[in-house]
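Q: I have a new model open and would like to learn how to read it feature by feature. Can you walk me through it?

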Protein chains: 2
Amino acid sequence: MTLDDRKKKILLAIIKTYLETGEPVGSRTISKIEGLSLSSATIRNEMADLVEMGYIIQPHTSAGRIPSDKGYRFYVDQLMAEKEEDIAERERHTDEMQSMLVEKADKMERLLQQVARSLSANTNYAAMISAPRYNVNRLKFIQLSRMEENRIVAVIVLEGNMIKNQIIDIEEPIDDETLLALNMLLNTTLNGMAIEDINLSIISKMKQKAGEQAGIISEVIDAVAASIREDDEDLEIYTSGANNIFKYPELADNEKASGIISAFEEKKQLTDLVYETLSHSDERGIQVYIGEESPVENMKDCSVVTATYELDEGIHGTIGIIGPKRMDYDKVLSTIKNLTAELDKMFKKN
Amino acid sequence: MTLDDRKKKILLAIIKTYLETGEPVGSRTISKIEGLSLSSATIRNEMADLVEMGYIIQPHTSAGRIPSDKGYRFYVDQLMAEKEEDIAERERHTDEMQSMLVEKADKMERLLQQVARSLSANTNYAAMISAPRYNVNRLKFIQLSRMEENRIVAVIVLEGNMIKNQIIDIEEPIDDETLLALNMLLNTTLNGMAIEDINLSIISKMKQKAGEQAGIISEVIDAVAASIREDDEDLEIYTSGANNIFKYPELADNEKASGIISAFEEKKQLTDLVYETLSHSDERGIQVYIGEESPVENMKDCSVVTATYELDEGIHGTIGIIGPKRMDYDKVLSTIKNLTAELDKMFKKN
DNA sequence: TGTTAGCACTCGACTCGTTAGAGTGCTAAC
DNA sequence: GTTAGCACTCTAACGAGTCGAGTGCTAACA
C-alpha cells in the first residue's frame with residue numbers, strides 16, 4: 001500500500017487536529033474540517049489503511065485515532081521541508097520573538113540561565129541549554145599566581161572569555177622570578193592553541209625551555225590539562241521549566257514524571273543528549289527526536305527538539321526543548337531557530 | 001484541658017504508628033500496641049480530647065486519626081530533647097553512616113554534589129546543600145592580570161579557597177607597572193579583611209595611595225565588590241533526589257509536585273531557605289520546619305530539616321532535607337547530625 | 001470502481017446504588 | 001475512671017446500567 005496524496009492530506013489533518021485538541025480524532029471531525037470534502041465513511045476507510053501502515057494508532061476499538069511515532073516523524077519531516085523552502089519564515093515570526101528579550105548579561109552563566117528561562121516560558125515546555133563546549137576551544141591566556149607558600153592558582157581564560165581556575169599544590173616553593181618566567185613561557189607557547197593540540201611534543205619542548213623548572217612546569221601543565229578535561233566531563237547545563245511537564249497529563253503520571261525530573265536534576269543524561277546532538281548536527285543544526293528515537297532513556301515518552309548555537313568558530317553549545325510528543329512543533333522549531341540565530345548574532349558581535 | 005502523661009504517651013504512639021504505616025491510625029491499633037493497657041474505648045476518649053486540643057486530625061468521621069502540624073511539632077521537640085540527652089546517640093548510628101562515604105573530592109563543587117546525592121540516597125527524601133556563604137568570609141588574595149588591551153581579569157581568592165573571577169573593562173589601557181603596583185596595593189590593604197568591612201574610608205584611603213591611578217582603582221574595587229555581592233545573591237546550591245517526592249503519594253499529585261520541583265529548579269526559594277536557616281541557627285544548628293512552618297511557600301505540605309555546617313570559623317553552609325510531613329525524623333536527624341559532624345571534621349583537617 | 005449512507009456494534013467514561021469494613025461516639029454497666 | 005456493646009458514619013470497592021463517540025461493514029449509488 002502506498003501513501004498517496006489523499007492519505008497524506010488526511011494524515012496531516014489528523015495530526016494537526018490532535019496537536020490542537022490533545023484528544024483522539026474521529027473520522028467525522030476530519031470529514032468536516034477538510035478542504036477535500038469526503039464523507040466520514042471514506043475517511044474511515046483511509047484511516048483503517050493508515051493504521052495498517054503504522055502512521056496512526058487507535059487506543060481502543062471505538063476511539064478516534066492518534067498519531068504514532070512514525071506519524072509524528074512524517075509530520076515533522078514535512079514541516080521541516082516546508083520551512084526549508086519558506087525563507088521568509090523567520091521574518092514572519094520575528095515579532096513573537098521580541099518578547100523573548102534575552103537580556104544581555106555580563107556573565108555567561110547568567111545569560112544561559114536567562115535563555116533557558118525564556119525558552120521554557122515561551123513554549124510551555126521544559127528547556128535546557130548547555131554551555132559551549134570547551135575542548136574545541138582555544139587558550140587565550142594563562143596566569144599563574146602564588147597563593148600560599150607552595151600553592152599556586154592557575155587562571156585559564158579560553159576564547160569566548162570562559163574562565164577556569166585551578167589550585168595547584170606544588171612540591172617545593174617557587175620564587176617570584178620563576179613564576180614570572182613560567183607565565184611568560186606558558187603564554188608565549190600556548191596562547192591561541194586549541195586544547196586538543198597541546199600534545200606531548202609541545203610539552204616536552206616547553207620542559208626543555210624551562211630548564212631546571214621542568215618539574216614544576218609539567219606539574220602545572222598536567223593540572224591545567226586535567227582542569228580542562230574534567231570540566232569537559234560534566235558540562236555545565238542550565239535548565240528551566242521542568243515543572244511544565246505537569247501541564248501534559250500524558251507525562252504527568254508518577255513514573256514518567258519522576259524519570260524526566262531525575263534526568264533534569266542529575267544532568268548526566270542531558271550531557272549525553274548534548275554530545276549526541278553535537279556529533280549529529282547537520283547543516284541546519286536542528287534535530288527532532290520523537291518518542292523512542294530519543295537518545296535519553298527517560299525521555300522515551302517525550303519529544304526532544306535540539307539545536308546547536310555557535311559561540312565562535314567551532315565552538316558550539318546545545319539548546320534543547322523537552323515536551324510531550326504532541327508538542328507544537330511548528331512553534332518550537334520557529335522559536336528555537338530564531339533563538340539560535342539571535343545567540344549567534346550576539347556572540348559574533350562580542 | 002492539659003496534656004497529661006497518658007495523653008502524651010497515646011499521642012506519641014499515634015504518631016509513631018502513623019510514621020510507620022502512613023495510614024490513619026484507629027483506637028484499636030493503639031490499644032493493642034501500647035504498653036499501658038487500655039481498652040480502645042478509653043483510647044477513643046483520649047483521642048477525642050487530642051483532636052480538640054489540635055494535636056491530631058480526623059480526615060473524616062469514621063476514619064482513624066493523623067497527626068496535625070502541632071502534633072508533629074510535639075513529637076519532634078520530644079525527639080530532639082531526647083537526642084540532646086543521649087550523647088551516645090551518635091555512636092549508635094555510626095555504622096549506618098559508614099555507607100554514606102563522602103568520597104573526598106578535590107573540587108568543592110564535586111564534594112557538595114556528592115554530599116547531596118548521598119543524603120538523598122540514604123534518606124529517600126530530596127536533599128540540598130548550599131556552598132558556604134561568602135560574605136562573612138575574608139579576602140585571601142587578589143590578582144589582577146591583563147587579558148587584552150583594556151580588559152583585565154580579577155581573580156579573587158577567599159578564605160577556604162573559594163575562587164571567583166571577574167572580567168573588568170577599563171576606560172583606558174593600563175601598563176604593566178601600574179598593574180603591578182595596583183596588585184601590591186590591593187593585596188597589602190585588603191588581605192585578611194572581611195568583605196563587609198571594606199568600607200568607603202578604606203577605599204578612599206586606597207585611592208589616595210593610588211595617586212593618579214585613583215580612577216582605575218575605584219573601577220576595580222567596584223567590580224570586585226560587585227562580583228562578590230552578586231554571587232552572594234545567587235548562592236550555589238546543589239540538589240539531589242527531587243524525584244524522591246514521587247514516592248510519597250501525599251506529595252505526588254500534580255500541583256504539589258510541580259511546586260516542589262520548581263522550587264528545586266529555580267533555586268531562588270532554596271536560597272531563601274538557606275538564609276532563613278543561617279539567621280536562625282541556634283546552638284545545635286539543626287532546625288525542623290513542619291508544614292506551614294516552612295519558610296518556603298511551595299513546601300507547605302512538606303517537612304524541611306536543615307542544618308548548618310562549618311567550613312571555617314564563621315563560614316557556614318546549609319544542608320536541607322525535604323520530605324513528607326510523615327518523614328522518619330529520627331533517622332533524618334541522626335543522618336544530618338552525623339553528616340554535619342563529618343563535614344566539620346573534614347574541613348577542619350584541610 | 002470509488003464513494004457514501006445507514007446501521008449495528010464496541011468500548012470507555014460516567015452515574016448510581018449496594019456492600020463491606022473500619023472506626024467512631026455514645027450509653028450504660030462495672 | 002474504665003470498659004463493653006452497639007448503632008451510626010463514611011470511604012473504598014464493586015457491578016449494573018446508561019450515554020455517546022466512533023468504528024466497521026454492507027448495500028446502494030454515480
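A: Let's start with burial: a residue is buried at under 20% relative accessible area, exposed at over 50% and partly exposed in between, with a 1.4 Å probe and protein chains only. In this model, Tyr72(B) and Tyr329(B) are both buried. Keep in mind that the model is predicted: local features need pLDDT of at least 70, side-chain atom pairs count only at pLDDT 80 or more, and totals for chains, interfaces and linings use all residues. Residues are numbered from 1 along each chain as its sequence is written, chains are lettered from A and ligands numbered from 1 in the order in which they are written, and side-chain values use heavy atoms, with hydrogens and water left out.

Q: What share of the residues of chain A counts as buried?
A: Of its 350 residues, 53% are buried. The accessible surface of chain A, from the Shrake-Rupley method with a 1.4 Å probe where only the protein chains shown count as cover for residues, is about 16100 Å². Carbon and sulfur atoms hold 47% of that surface.

Q: How many helices and strands does chain A have?
A: Helices (H or I, at least four residues) and strands (E, at least two) are DSSP runs, numbered from the N terminus. Chain A has twelve helices and ten strands. For contacts, the rule is heavy atoms within 4.5 Å. Among contacts in chain A with a separation of 6 or more, 61% join residues 24 or more positions apart.

Q: On to the DNA. Which residues are closest to DNA strand D?
A: A residue is near a strand if one of its heavy atoms lies within 4 Å of it. By that rule 20 residues surround DNA strand D, and the closest are Ser27(A), Arg44(A), Arg6(B), Thr42(B) and Ser62(B). Sugar or phosphate supplies 65% of the strand D atoms within 4 Å of the protein, and bases supply the rest.

Q: Which atoms of DNA strand D does the side chain of Ser62(B) approach?
A: Here we look at polar contacts: pairs of N or O atoms within 3.5 Å; within protein, one must be able to donate a hydrogen and the other to accept it, and residues adjacent in sequence count only if both atoms are side-chain atoms. Ser62(B) has a polar side-chain atom 3.0 Å from a base oxygen of DNA strand D. Phosphate oxygens of this strand are approached by the side chains of Ser27(A), at 2.6 Å, and Arg6(B), at 2.7 Å. Helix H3 (40-53) of chain A and helix H3 (40-53) of chain B are the elements that give two or more residues to the surface near DNA strand D. The largest share, four residues, comes from H3(B).

Q: And which residues are closest to DNA strand C?
A: Arg6(A), Thr42(A), Ser62(A), Ser27(B) and Arg44(B) are the closest of the 20 residues around DNA strand C. Sugar and phosphate make up 67% of the strand C atoms that come within 4 Å of the protein. On the base side, a polar side-chain atom of Ser62(A) is 3.0 Å from a base oxygen, and one of Arg44(B) is 2.9 Å from a base nitrogen. The backbone joins in at Ala63(B), where a polar atom is 3.5 Å from a sugar or linking oxygen of DNA strand C. For this strand, H3(A) gives the largest share of the surface, four residues.

Q: How is a pair of aromatic rings described?
A: By the distance of the centres and the angle of the planes. Rings of Phe, Tyr and Trp (its six-membered ring) pair if their centres lie within 6.5 Å; planes under 30 degrees apart count as stacked, over 60 as edge-to-face and the rest as tilted. A search of the whole structure gives nine such pairs over all chains. One of them, Tyr125(A) with Tyr248(A), is tilted, at 5.5 Å centre to centre and 35° between the planes.

Q: Why does that pair tie together parts 123 residues apart in sequence?
A: Because Tyr125(A) lies in the loop between helix H6 (108-123) and strand E3 (126-130), while Tyr248(A) lies in the loop between strand E7 (237-240) and helix H10 (254-266). Tyr125(A) is buried at 7% relative accessible area, and Tyr248(A) is buried at 12%.

Q: Where does Asn165(A) sit, and what does its side chain contact?
A: Asn165(A) is in strand E6 (residues 162-169) of chain A, buried at 13% relative accessibility. Its side chain makes a polar contact of 3.5 Å with the side chain of Asn165(B).
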